Amino acid sequence: MASSGSWSSALRFACRLCVILALVLDTKISVVADDDSNVPGVNSAGVGGGVSELCDNELSSFMLPPFGNLSDIVCRPIWNTFVLRYSQTEDHVMNIILSAVYTTGWVGLGFSKDGMMVGSSAMVGWVNRKGQARIKQYYLQGSKVSEVIPDKGELPLTGIPASLVLHGPRIYLAFQLKFPTHLARQPIILAIGSGYPKHHHLTKHNDKTTILFDFSAGSASKAPTNFGQMKKNHGILAIFGWGLIIPVGAIVPRYFKHKDPLWYYLHALIQFVGFVIGLAAVVLGQQLYTKIGAHFPTHRAIGIFVLVLSILQILAFFLRPNKDAKIRKYWNWYHHWLGRFAVFFAAVNIILGIKIGAAGNDWKIGYGFLLGVILLSVIVLEALARMRRTEKDTLPSNFQMNPVQ
């Protein structure tokens, strides 16, 4: 066994490495997410004039109440010809009026939880071939046209009917929402399609973008272009660290203790590597939470819980008593059960993450296969271990493995 001093030095170095890794990841992602300067179409007037020209239209002349006579309304050009007007009351009622240059097809504004199209809800408006105005809420269940479902969604619409008006060259979509809390930074999806909806089913969009709009400050910034890759990296690191390496590290001491002291060093090394990769997944998850408002309380809470359990396991390394100590059995219970809880809840959280991230069947099949291989390996190793114990118990007490000739 290595001395306690050498192990303490090694672990202190490992902890410093974890902190450095977290800071590096935080800095790198923050630079990508915050680089909003000189982004075309964001916080600019777009096509068709300056801010004053686009925002000076008197809405009361053509918009129905309450949208035509709103007070303290904020007006911001946000993308191309899109202009967003809104007002937010003290009781968290939000009046939204979106306008854009319109010829044919449809115009939409979606609210996203994480900046992704899938899983978001949108208000979409158009004027059909007969000149009839239409505005509906849609739930974007998937990326296919057939998965954009009309008259569904999670937007908290009030009893005030949504309104659509075609005035001059612009179309105006107006609707009212009531949120449980004050709305601040929110990922917004903007899209336009040139084809008319068929039986209220949207045609594929011609252009779209995602912006991060601050309803408190009235400012827009381009959403991180790599938020999709951030989500993938978060999932890959979580599966690789918490879902593969940590379980393998937990298998080693249970089934390979006869390889003493090799099992101990393998267990410590594998768990350390798994913890570092898992920590990187947590850092990315925190960045998704702060940068694009990826607010999933259950997933986040379980992730923090697993991280705390892992940190407690690191503390157990420092507090490990000698084999002949009276408290050794209590330490074993502490170490074994906290480890099992961490592995179990990590697997639950990975499954939950795949679901809320709408990752698709490839991720489900991939992690299902990985989980199946791990469980099958445990079953086989457990059976072999029981067979070895049974053979050992059936040997006569006077049996000698290497009798003296």
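**Notes on the model: a buried serine, two cores and some odd backbone spots**

1. The Ser-121 side chain comes to 2.8 Å from the backbone nitrogen of Glu-154, which makes a polar contact (an N or O pair within 3.5 Å; within protein, one atom must be able to donate a hydrogen and the other to accept it, and residues adjacent in sequence count only if both atoms are side-chain atoms). Bear in mind that this is a predicted model, where local features need pLDDT of at least 70, side-chain atom pairs count only at pLDDT 80 or more, and totals for chains, interfaces and linings use all residues. Numbering runs from 1 along each chain as its sequence is written, and side-chain values use heavy atoms, with hydrogens and water left out.

2. Where does Ser-121 sit? Its place is in strand 5; strands (E, at least two residues) and helices (H or I, at least four) are DSSP runs numbered from the N terminus. Ser-121 is buried, at 3% relative accessible area; the cut-offs are under 20% for buried, over 50% for exposed and partly exposed in between (1.4 Å probe, protein chains only). Not counting residues up to four places away in sequence, Ser-121 touches Phe-111, Tyr-139 and Leu-155, among others; contact means heavy atoms within 4.5 Å.

3. Now the largest nonpolar core (buried Ala, Val, Leu, Ile, Met, Phe, Trp, Tyr and Cys residues joined through side-chain atoms within 4.5 Å). It has 41 residues, and Leu-84, Phe-111, Leu-190 and Phe-215 touch the most other members. Strand 5 (121-127) gives the most to this core, with five residues. A second, separate core has 20 residues, including Trp-242, Phe-275, Ile-350 and Ile-374.

4. Phe-111 deserves a look on screen. Leaving aside neighbours within four places in sequence, its contacts include Ile-96, Ser-121, Phe-175, Pro-187 and Phe-215.

5. Two cis peptide bonds to check. One joins Pro-65 and Pro-66, with omega about 0°, and Pro-66 is in the loop between helix 2 (51-55) and strand 1 (74-79). Another joins Asp-260 and Pro-261, again with omega about 0°; Pro-261 lies in the loop between helix 3 (227-255) and helix 4 (262-291).

6. Next, phi. Most residues other than glycine have a negative phi, and most peptide bonds are trans. Asp-72 has a positive phi, near 55°, in the loop between helix 2 and strand 1, and is exposed at 71% relative accessibility. For His-199, phi is also positive and near 55°; His-199 lies in the loop between strand 10 (185-193) and strand 11 (207-214) and is exposed at 77%.
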